[in-house]
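Biologist: Please take me through one part of this model in detail. I would like to look at the ligand's surroundings and the strands that go with them.

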Amino acid sequence: MNIKPVKKDDLLKLIEIEKDVFDYSASIDDFINYFNEDTIKIWKISDQIIVGFVIFYQVRNEIEIIKIGIMESCQRKNYGSLIINKIKKLNDIRKIFLEVSVKNTQAINFYLKNGFKKIGIRKAYYKVNKKRIGFKIIIWVLIKMKYLKFILSQ
Ligand SMILES: CC(C)(COP(=O)(O)OP(=O)(O)OC[C@H]1O[C@@H](n2cnc3c(N)ncnc32)[C@H](O)[C@@H]1OP(=O)(O)O)[C@@H](O)C(=O)NCCC(=O)NCCS
């Protein structure tokens, strides 16, 4: 099992996984834009074949996870948690943020199990056939223990 940055050639495989697991999937152009953006990282997790990926922003000591997906046939085998653990180990990272729909119980359980804490709920919008649809998302944060101790002791 290994987790490493994707190459441009991997992006088509990532799109396949994206279509497999997300209701509203991004296009190849979205993936190319992510790939070309300096502050964004895309990692793949592979075990002979690519089974999943994560896309995240890294700005100074904070990370925001944009999306994480594991192909359906490989879910619940700890791959997602391995990715989160690798992000946690990045040097000098203090906080990891992310947002997820209140309806996505699978992901909510996943983030809870991986140590994230709920810090708020906000309304988000997206467009389907030119119609604006609102839904609620939960904002999660994971603060590394050594920094949490530092904040609490101040
Ligand atoms: C969320 C996701 C990334 C988790 O990856 P994964 O490799 O399946 O997760 P893990 O095997 O590491 O699971 C860890 C924990 O997450 C929770 N979990 C994972 N899948 C679950 C499911 N289908 N139902 C309920 N809880 C689930 C469980 O608590 C699980 O621990 P357990 O198996 O000991 O009960 C993956 O299920 C996925 O790609 N989902 C679709 C895309 C998505 O919603 N992404 C998140 C929003 S960007």
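**The ligand shell and strand E5**

Modeller: Start at the ligand. In this predicted model, 20 residues surround the ligand, and Gln75, Gly80, Ser81, Asn109 and Phe110 come nearest. By type, the shell holds eight nonpolar, eight polar and four charged residues.

Now the elements behind that shell. Strand E4 (62-70), helix H3 (79-88) and helix H4 (105-113) each give at least two residues to it. H4 has the largest share, with five residues.

Two of these elements lead on to strand E5. E4, H3 and E5 form a β-α-β unit, and the unit is right-handed. E4 and E5 run parallel, joined by four bridges. Within E5, leucine 98 stands opposite isoleucine 65.

E5 also pairs with strand E7 (residues 131-143). Here the sense is antiparallel, and the pairing extends over seven bridges. Phenylalanine 97 has valine 141 in E7 as its bridge partner.

Next, the side chains of E5, which covers residues 95-101. They alternate along the strand. Ile96, Leu98 and Val100 point to one face and are buried. Lys95, Phe97, Glu99 and Ser101 point to the other face and are not buried.

Put the two views of E5 together. Leu98, which stands opposite isoleucine 65, has a buried side chain. Phe97, the bridge partner of valine 141 in E7, is on the face that is not buried.

Methods: Residues are numbered from 1 along each chain as its sequence is written. This is a predicted model: local features need pLDDT of at least 70, side-chain atom pairs count only at pLDDT 80 or more; totals for chains, interfaces and linings use all residues. A residue is near a molecule or strand if its C-beta atom, placed from the backbone, lies within 6 Å of it. Ala, Val, Leu, Ile, Met, Phe, Trp, Tyr, Cys and Pro count as nonpolar, Asp, Glu, Lys and Arg as charged, and the others, Gly among them, as polar. A residue is buried if 20 or more other C-beta atoms lie within 10 Å of its own, exposed if 12 or fewer, and partly exposed in between; C-beta atoms are placed from the backbone. Two strands pair if DSSP finds at least two bridges between them. A crossover is right-handed if, with the strands pointing away from the viewer, the path from the first strand over the helix to the second runs clockwise.
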